[in-house]
Amino acid sequence: MKLLRNICRILVGIVFIYSGFVKGVDPLGSDYKFTDYFNAFGMSWMGFSTLFFSFLLSMAEFLIGICLFLNIKIKTAAWGAILFMGFFTPLTLILAIKNPVTDCGCFGDALILTNWETFWKNIILLAMTLVIFYTRDKYKPIFNFLEQTVVLVGTVIFMFCVQWYSFRHLPIVDFRPYAIGKNISEGMAIPDGAPHDEYAITLKYKNKQTGEVKDFTEENYPWQDTVNWEYVSSDQKLIKEGYKAPIHDFVIEHPELGDITQEVLEDNGYTFLVIAYNINKTDPENQEKLNRLAAYAKDKGYRFYGLSASAADDIRKYTEAHQVNYDYCSTDEIQLKTIVRSNPGLILLRQGTILDKWGHRDLPEVEELQNKDLASYCLQEQQAITDRYLIYSLIMLYIACIFLYIIRKYKRMIK
């Protein structure tokens, strides 16, 4: 029984840690998902709270996971886990039956599950959580009170730093199909032999003699018997989903040139795209910098477009007010929110491959790009960011080890 208890504790802890972390590195993604939930359940008035719940949910999951995994504050963690599973398991059953939101977002963009897959996953987790909950008094912690407090405080600080940095800039880990290095054209492609959606088609015919309306399938409907039967209507129901490309509904519609998607994705040169899914919510603080970048791009012969899902009148008002010197094209709002978690954001493409992306707080200066090969510049930037993340992680790990060492030293001294 002890082995079972510890297996359940460790497995549930790992799932909570993973779920909390992948949400924490993408707080705006969870923000959008909460908005979808509230709209689906007629609670759009809760829209003001979505970002708060995004931070709170990932922090709570990560903290519960750490407690379970390290056998810290098990009684409190067991209550937290059972409340989580007690709320989300029935919720995912409702989502599986009604399907108002196709992806629950329980693992962010790192792992996409159908609603039924999510429900059965939660059933398994709930069973293990019940084992932990009903045996919570039998777990013996390996850390003393002070050590547990240090670990918990350190966990909260670490997770908040991850959340805040990812919110202020861009996700430190990008699981989306528009991550740097991904090719949009390849993400839109459907492999040969991939399964297609399968539908059950119901055809309704009315008997001319009796007036009875009867359901038929494509195999047995009376298409030749026009004397006795009259067609009424048809209906189709999805019975099996086929392969769905990671990127879909990505279309760039220029106001004058029409669909320029393939031109942009196949261009051997560089293309800058300003992403502003809602022009009315766009932060105009760095618009002058974007205008300078657009002038630089045009001088070099590079494409430079804005992409938005806003109405044409709203775009016109914004471009006139801020003297925007590039054209805005229409693109699906969901795709724009997925491409970059910033409004506005900027991405750099070459032959459909995303070379780099920037949030509006981190836009490059024109002087940084002058007389440089943009591909090499982007590689250097990404390497610098990776090195910085590694250094920060090592520093935090070192500080945590020093704290634990001091605590254990102090504990020995007072004995």
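**Group meeting: a walk through a predicted model**

Let's start with strand β6, residues 270-275, which is mostly covered: six of its six residues are buried. Before going on, please keep in mind that this is a predicted model.

So which way do the side chains of β6 go? Tyr270, Phe272 and Val274 point one way, while Thr271, Leu273 and Ile275 point the other way, and all are buried.

Now, the neighbours. On the antiparallel side of things, β6 is joined by six bridges to strand β9, residues 345-350. If you want a spot to click on, Val274 stands opposite Leu346 in β9. Then there's strand β7, residues 303-308, which runs parallel to β6 and is joined to it by five bridges. Two places to look there: Leu273 is opposite Tyr305 in β7, and Ile275 has Leu307 as its bridge partner.

How does the chain get from β6 to β7? Helix α9, residues 287-300, makes a right-handed β-α-β unit with those two strands.

Let's stay on β7 for a second. Five of its six residues are buried, so β7 is largely enclosed by the rest of the structure. Besides β6, strand β7 has a parallel link to strand β8, residues 327-330, through four bridges. Gly306 stands opposite Tyr328 in β8. And here comes another right-handed β-α-β unit, made by β7, helix α10 (residues 312-321) and β8.

Okay, let's zoom out. We have 415 residues, and 43% of them count as buried. In secondary structure, the protein comes to 13 helices and 10 strands. The C-alpha atoms fill a box of roughly 100 × 70 × 45 Å along the principal axes. And if you take the contacts with a separation of 6 or more, 73% of them come from residues 24 or more positions apart.

On to another sheet. What order do its strands have? It's an open sheet of three strands, β2-β1-β3, with antiparallel pairing. The edges belong to β2 (213-216) and β3 (229-240), and each has a single partner strand, so one side of each is left without a neighbour in the sheet. Neighbouring strands here are turned by 25° against each other on average, direction ignored.

Have a look at β1, residues 198-207: it pairs with β2 over four bridges, in the antiparallel sense. Tyr205 has Lys214 in β2 as its bridge partner.

Tyr205 comes back when we turn to the rings. How many aromatic pairs does a search of the whole structure find? The count is 27. One of them is Tyr205 with Phe216, an edge-to-face pair at 6.0 Å centre to centre with 85° between the planes. The two rings sit 11 residues apart, Tyr205 in strand β1 and Phe216 in strand β2. Are they buried or exposed? Tyr205 is buried, with a relative accessible area of 9%, and Phe216 is buried with 9% as well. For both, the cut-off that matters is under 20%. And the story goes on from there: ring pairs link Tyr205, Phe216, Tyr221, Trp229 and Tyr231 into a cluster.

Now for the cores. As background, nonpolar side chains tend to be buried together in soluble globular proteins. The largest nonpolar core in this model has 31 residues, and those with the most contacts inside it are Val12, Phe16, Ile64, Leu68, Ile72 and Ile132. Where do the core residues come from? Helices α1 (2-24), α2 (27-40), α3, α4 (74-98), α5 (115-134) and α6 (145-168) each supply at least two of them.

Take Val12 as an example. Leaving aside neighbours within four places in sequence, Val12 is in contact with Leu68, Leu125, Met128, Thr129 and Ile132. There's also a second, separate core of 26 residues, which includes Phe304, Leu363, Tyr377 and Cys378.

Last stop: Phe55, which has its place in helix α3, residues 50-70. Phe55 counts as buried because its relative accessibility is 14%. What does Phe55 touch? Not counting residues up to four places away in sequence, Phe55 touches Pro27, Phe160, Gln163, Trp164 and Phe167. Phe167 is a nice one to finish on: Phe55 and Phe167 are 112 residues apart along the chain, yet their C-alpha atoms are separated by 9.7 Å.

That's the tour, thanks for listening.

Conventions: Residues are numbered from 1 along each chain as its sequence is written. This is a predicted model: local features need pLDDT of at least 70, side-chain atom pairs count only at pLDDT 80 or more; totals for chains, interfaces and linings use all residues. Side-chain values use heavy atoms; hydrogens and water are left out. Two strands pair if DSSP finds at least two bridges between them. Axes are lines fitted to C-alpha atoms, for helices over the stretch in contact, and angles run from 0 to 180 degrees between N-to-C directions. Buried means under 20% relative accessible area, exposed over 50%, partly exposed in between (1.4 Å probe, protein chains only). A crossover is right-handed if, with the strands pointing away from the viewer, the path from the first strand over the helix to the second runs clockwise. Contact means heavy atoms within 4.5 Å. A nonpolar core is a set of buried Ala, Val, Leu, Ile, Met, Phe, Trp, Tyr and Cys residues joined through side-chain atoms within 4.5 Å. Rings of Phe, Tyr and Trp (its six-membered ring) pair if their centres lie within 6.5 Å; planes under 30 degrees apart count as stacked, over 60 as edge-to-face and the rest as tilted.
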